[in-house]
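Me: I would like to learn how aromatic pairs and burial are read from a model. Could you take me through a case, step by step?

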Amino acid sequence: MDFADFDAFEESALLAEIIRAGIGYHAVKSRAGVPFRAAFLAAATHPALTNQLRVIGRAGAGTDHVDLAAAARHGVTVTHTPGSNATAVAEFALAQLLALTRNLSEHNEAAHHGRWSGPADPAVELSELTLGVLGFGRIGRVLADRAAALGMTVQTISRHPVGASVLRAESRDSLLASSDVISLHLPLTSQTRGLIGRAELALMRPDSILLNNSRGGIVDEQALTDALRDPAHPLAAAAVDTFAHEHAAFTSPLFGLPNALLTPHVAGMTRRAMAEAAFRCADNIAALLAGRPDGVPVVAP
């Protein structure tokens, strides 16, 4: 086994590693969302390489970091592990919600500075809140089950059966307007990019909370920042784990806002979820390289 130390988010460094010594790789495993764009795919499948790229394996569900159209043009199959971190992300969303509704960050900071003070207003309990889940796939369903078990009223919009413990909202706008908490669990696509902007945020209930553990780009971060800065806006707080610009280029207009709970894309990083994703990803890659594609989840452009 050979190791190389380089910044994979720097495209020139990534390309240099791929074509190093003209060897190349039959498969690449992606965990942290390293961008695999057209230039990478062209270089990794060049006929001059000893090993031309055939498979990209994503240890996780999202594949928006891969140029799927370019992968298809170059004959590269993209596989992923949907659902491998569903429990981890759902639990993280509940942790975010509890941290915000009980003002844990504020109380922690005060206690560390020797200040003993109760909340200005009594906190709400989860059973008093209605949770709107936007994106009712594997993660959304796990979150709905756990939230309902905690006494929350849960609603969503879905073309598929939602279960006895979940209410069905008529539309996205009605979901936004009738929920105390909105939790996003959608892939980033051309249809979902910018899905939550100024108009959508303005529809939300007074003192409502937005949770985004899906993908940066689904929420307009500037619009969210402006809403959180405006004391007259109905949105009270937000928790964001995914951003439009991450890793070495991590930046956001949300920096410094006391009512924004920010974390560096760690919702799915539990021991069980990461092990599950890694093993499933390895199995998928091995099956595809061996010409056994049956049952392997692949992502088309």
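Reply: Let us start with one ring: Phe-36 counts as buried because its relative accessibility is 3%, where buried means under 20% relative accessible area, exposed over 50% and partly exposed in between, with a 1.4 Å probe and protein chains only. This is a predicted model, in which local features need pLDDT of at least 70 and side-chain atom pairs count only at pLDDT 80 or more, while totals for chains, interfaces and linings use all residues. Residues are numbered from 1 along each chain as its sequence is written, and side-chain values use heavy atoms, with hydrogens and water left out.

Me: How many aromatic pairs are there, and what describes such a pair?

Reply: A pair of aromatic rings is described by the distance of the centres and the angle of the planes. Rings of Phe, Tyr and Trp (its six-membered ring) pair if their centres lie within 6.5 Å, and planes under 30 degrees apart count as stacked, over 60 as edge-to-face and the rest as tilted. The count here is three aromatic pairs. In one of them, Phe-36 and Phe-40 are stacked, at 4.5 Å centre to centre with 20° between the planes, and Phe-40 is buried, at a relative accessible area of 1%.

Me: Which arrangement do Phe-250 and Phe-255 form?

Reply: Phe-250 and Phe-255 are edge-to-face, with 5.2 Å centre to centre and 70° between the planes. Phe-250 is partly exposed at 35% relative accessible area, and Phe-255 is partly exposed at 39%. Together with Phe-243, these residues form one aromatic cluster.
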